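Subject: Structure handover

Hi,

Here is the structure I promised you. Please open it and keep it in view while you read my notes below.

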Amino acid sequence: VQLQASGGGLVQPGGSLRLSCAALGNIFSINDMAWYRQAQGRQRDLVASITSGGSTNYADSVKGRFTISIDNAKNTVYLHMASLKPEDTAVYYCKSTGTIRTHFVPYNYWGQGTLVTVSS
């Protein structure tokens with residue numbers, strides 16, 4: 001299983017950006033997908049998560065500004081970020097858990113990070 005993240009970049013404060021992360025490979029089912037972020041010199045923290053059934057969870061710092069969604073047909077999770085602040089600047093990582101079709105073993109993988117910079 002490979003997670004391919006995209007969509008990062010430079011955006012001005014107050015702007016919007018959408019991140020995407022596709023889970024590729026021999027996947028039988030996905031339990032959940034999530035976005036984490038790690039600012040320079042800080043630990044990696046959960047931003048938002050979503051189950052395949054659509055249940056969501058958000059960090060308090062992004063509630064009302066970020067929206068996570070999932071396209072189960074495409075095994076892809078999206079993070080729409082609005083009203084971005086300089087403190088949202090970080091490398092954003094996607095993560096997924098589920099079951100691999102081969103032997104039906106569980107998986108728990110991270111994608112590569114994508115940098116989001118909020119600056120004027």
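First, a definition for sorting residues: Ala, Val, Leu, Ile, Met, Phe, Trp, Tyr, Cys and Pro count as nonpolar, Asp, Glu, Lys and Arg as charged, and the others, Gly among them, as polar. Also keep in mind that this is a predicted model.

**The largest pocket**

Let us put that sorting to work. The lining of the largest pocket holds five nonpolar, three polar and four charged residues. The pocket encloses about 180 Å³ of space. Which residues line the largest pocket? They are Arg37, Gln38, Ala39, Arg42, Gln43, Asp45, Leu46, Val47, Ala59, Ser61, Glu87 and Ala90. Two strands, β4 and β5, each supply at least two residues of this lining. β5 gives the most, with three residues.

**Leu46**

Leu46 is one of the lining residues. Its place is in strand β5. Leu46 counts as partly exposed, at 30% relative accessibility. Beyond its neighbours up to four places away in sequence, Leu46 touches Ala34, Trp35, Tyr36, Asn57 and Ala59. Look at Ala34 in particular. Leu46 and Ala34 are 12 residues apart in sequence, and their C-alpha atoms are 7.6 Å apart in space.

**The largest nonpolar core**

Now turn to the core. The largest nonpolar core has 31 residues. Which residues have the most contacts inside it? They are Trp35, Leu79, Met81 and Tyr92. Several strands build this core. β1 (2–6), β3 (17–24), β4 (27–38), β5 (45–51), β7 (66–71), β8 (76–81), β9 (90–100) and β11 (114–118) each supply at least two of its residues.

Pick out Met81 next. Not counting residues up to four places away in sequence, Met81 touches Gly15, Ser16, Leu17, Leu19, Arg65, Phe66, Tyr92 and Val116.

Leu17 is in that list, so follow the chain there. 

**Leu17**

Leu17 sits in strand β3. Is Leu17 buried or exposed? Leu17 counts as buried, because its relative accessibility is 18% and the cut-off for buried is under 20%. Leaving out residues up to four places away in sequence, Leu17 touches Gly7, Gly8, Gly9, Leu79, His80, Met81, Leu84 and Val116. Compare its place with that of Leu46. The two are 29 residues apart along the chain, and 18 Å separates their C-alpha atoms.

**The disulfide**

How many disulfides does a search of the whole structure find? The search finds one. This disulfide joins Cys21 to Cys94, with 2.0 Å from S to S. Cys21 lies in strand β3 and Cys94 in strand β9, so the pair ties together parts that are 73 residues apart in sequence. The torsion about the S-S bond is about 50°, so the disulfide is right-handed. Cys21 is buried, with a relative accessible area of 0%. Cys94 is buried too, also with 0%.

**Two positive phi values**

Some background comes first. Most residues other than glycine have a negative phi. Now see Asn75. Its phi is near 50°, a positive value in a residue other than glycine. Asn75 is found in the loop between β7 and β8. At 21% relative accessibility, Asn75 counts as partly exposed.

His103 also has a positive phi, near 65°. Its place is in the loop between β9 and β10 (105–110). Is His103 buried or exposed? His103 counts as exposed, at 72% relative accessibility.

**Ser49 and Asp71**

Two more residues, then you are done. Ser49 is found in strand β5. Ser49 is buried, with a relative accessible area of 18%. Which residues does Ser49 touch, not counting residues up to four places away in sequence? They are Met33, Ala34, Ser55, Thr56, Asn57 and Ile68.

Asp71 belongs to strand β7. Asp71 is partly exposed, with a relative accessible area of 24%. Apart from neighbours within four places in sequence, Asp71 is in contact with Thr76 and Tyr78. Find Asn26 as well. Asp71 and Asn26 are 45 residues apart in sequence and 17 Å apart in space, C-alpha to C-alpha.

Best wishes

Conventions:
Residues are numbered from 1 along each chain as its sequence is written. This is a predicted model: local features need pLDDT of at least 70, side-chain atom pairs count only at pLDDT 80 or more; totals for chains, interfaces and linings use all residues. Side-chain values use heavy atoms; hydrogens and water are left out. A nonpolar core is a set of buried Ala, Val, Leu, Ile, Met, Phe, Trp, Tyr and Cys residues joined through side-chain atoms within 4.5 Å. Buried means under 20% relative accessible area, exposed over 50%, partly exposed in between (1.4 Å probe, protein chains only). Helices (H or I, at least four residues) and strands (E, at least two) are DSSP runs, numbered from the N terminus. Contact means heavy atoms within 4.5 Å. On a 1 Å grid over the protein atoms alone, a cavity is a set of points where a 1.4 Å probe fits but cannot get out, and a pocket is an open set with protein on both sides within 12 Å along at least five of seven lines; lining residues have an atom within 4 Å of a point. Grid points are joined across faces, edges and corners, and a volume is the space filled by probe spheres set on the points. A disulfide is a pair of cysteine sulfur atoms within 2.5 Å.
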